[in-house]
Amino acid sequence: MTSQLLDIHHHGATAPLLDIHHHGATAPSNAVTSFTLGEPMPAGDGLLSAGIHPWSTETFNDNALADLEHLITGNTRIVAIGETGLDMLRGASVERQMEIFRAHIELSEQLRMPLVIHSVHATDRLLQLHKLMHPSQHWVIHGFRSKPAEAQQLVRHGIYLSFGARFNPDALAAVPPQFILAETDESPLTIDEIIRRLAPVADSDLIAANTAAFLAPV
Ligand SMILES: [Zn+2]
């Protein structure tokens with residue numbers, strides 16, 4: 001087993017996955033690149049995550065959810081659902097966003113894929129849905145910038161938190177290490193530069209292990 005692993009690294013064929021949430025026209029091999037239904041699928045052979053971004057919730061009708069399911073089931077590069085979620089400052093009404101988010105949760109459970117979540121001023125509503133639906137699949141709040149108390153509240157429900165270029169250092173320190181993920185999102189920084197900002201709480205070995213655990217089928 002060890003020699004096989006060494007062999008993979010030697011050939012450089014599989015860079016460890018470190019970046020749970022990236023945007024770009026090309027999908028890097030160490031990232032999960034997110035795109036919204038209707039956008040061009042990122043090029044390359046990197047892994048993908050597809051969903052309806054909360055900011056785009058006004059533009060889609062219910063047929064879009066069927067389109068999303070077809071897109072996800074028809075492409076083996078898609079390994080996660082999202083980004084999806086709730087944004088109290090942008091997008092459709094709260095009721096409509098909740099409806100679309102719920103559909104993503106159902107899809108995540110049905111297809112056994114993790115969920116990548118955008119949440120702005122919506123932690124209470126998100127936790128209500130989590131309690132109501134008892135999901136078995138992994139959830140991550142991407143771009144987590146809130147305070148320690150909110151971080152602890154989310155991880156108590158088994159929800160991962162992903163940290164990017166900007167975050168609250170006290171919140172990072174308050175999260176049990178196994179729930180920490182990292183992301184570039186739209187930052188010009190590389191994922192290695194971002195992970196360096198997480199020191200001494202997290203390093204690339206921890207992030208690689210957590211990312212693999214997050215993406216592993218439940
Ligand atoms: Zn994003």
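Which residue of β4 is the bridge partner of Leu48? The legends below begin with the strand pair that holds the answer.

The model shown is predicted: local features need pLDDT of at least 70, side-chain atom pairs count only at pLDDT 80 or more, and totals for chains, interfaces and linings use all residues. Residue numbers start from 1 along each chain, following the sequence as written.

**View 1. Strands β3 and β4 are joined in parallel.** The bridge partner of Leu48 in β4 is Ile78. Three bridges join β3 (residues 47-51) to β4, and the two strands run parallel; strands pair if DSSP finds at least two bridges between them. Helices (H or I, at least four residues) and strands (E, at least two) are DSSP runs, numbered from the N terminus. Strand β4 (residues 78-87) is mostly covered, with eight of its ten residues buried. A residue is buried if 20 or more other C-beta atoms lie within 10 Å of its own, exposed if 12 or fewer, and partly exposed in between, with C-beta atoms placed from the backbone. Glu83 belongs to β4, and a cis peptide bond with omega of about 15 degrees joins Gly82 to Glu83.

**View 2. Strand β7 is covered on both faces.** Tyr160 and Ser162 on one side of β7 (residues 160-163), and Leu161 and Phe163 on the other, are all buried. Strand β6 (residues 139-141) runs parallel to β7 and is joined to it by two bridges. Tyr160 in β7 is the bridge partner of Val140.

**View 3. Helix α3 meets helix α4.** The axes of α3 (residues 94-111) and α4 (residues 123-133) come within 12 Å and cross at roughly 45 degrees. Helix α3 is therefore oblique to α4; angles under 35 degrees count as roughly parallel, over 145 as roughly antiparallel, 65 to 115 as roughly perpendicular and the rest as oblique. Axes are lines fitted to C-alpha atoms, for helices over the stretch in contact, and angles run from 0 to 180 degrees between N-to-C directions. Met98, Phe101, Arg102 and Ile105 of α3 make the contact with Arg125, Leu129 and Met133 of α4, where residues are in contact if their C-beta atoms, placed from the backbone, lie within 7 Å.

**View 4. Thr184 is a buried loop residue.** Thr184 lies in the loop between β8 (180-182) and α7 (191-197). Thr184 counts as buried because it has 25 C-beta neighbours inside 10 Å. His22 is 162 residues from Thr184 in sequence, yet their C-alpha atoms are 5.4 Å apart. Leaving aside neighbours within four places in sequence, the residues in contact with Thr184 are Asp19, His22, Ala31, Gly164, Leu189, Ile191 and Ile194.

**View 5. Arg112 and Pro200 mark two loops with backbone features.** Most residues other than glycine have a negative phi, and most peptide bonds are trans. Arg112, in the loop between α3 and β5 (115-120), has a positive phi near 55 degrees. Arg112 counts as exposed because it has 10 C-beta neighbours inside 10 Å. Pro200 is located in the loop between α7 and α8 (204-215), and a cis peptide bond with omega of about 0 degrees joins Ala199 to Pro200.

**View 6. His121 is an exposed loop residue.** His121 sits in the loop between β5 and α4. Its phi is near 50 degrees, a positive value in a residue other than glycine. His121 has 11 other C-beta atoms within 10 Å and is therefore exposed.

Definitions and conventions: Two residues are in contact if their C-beta atoms, placed from the backbone, lie within 7 Å.
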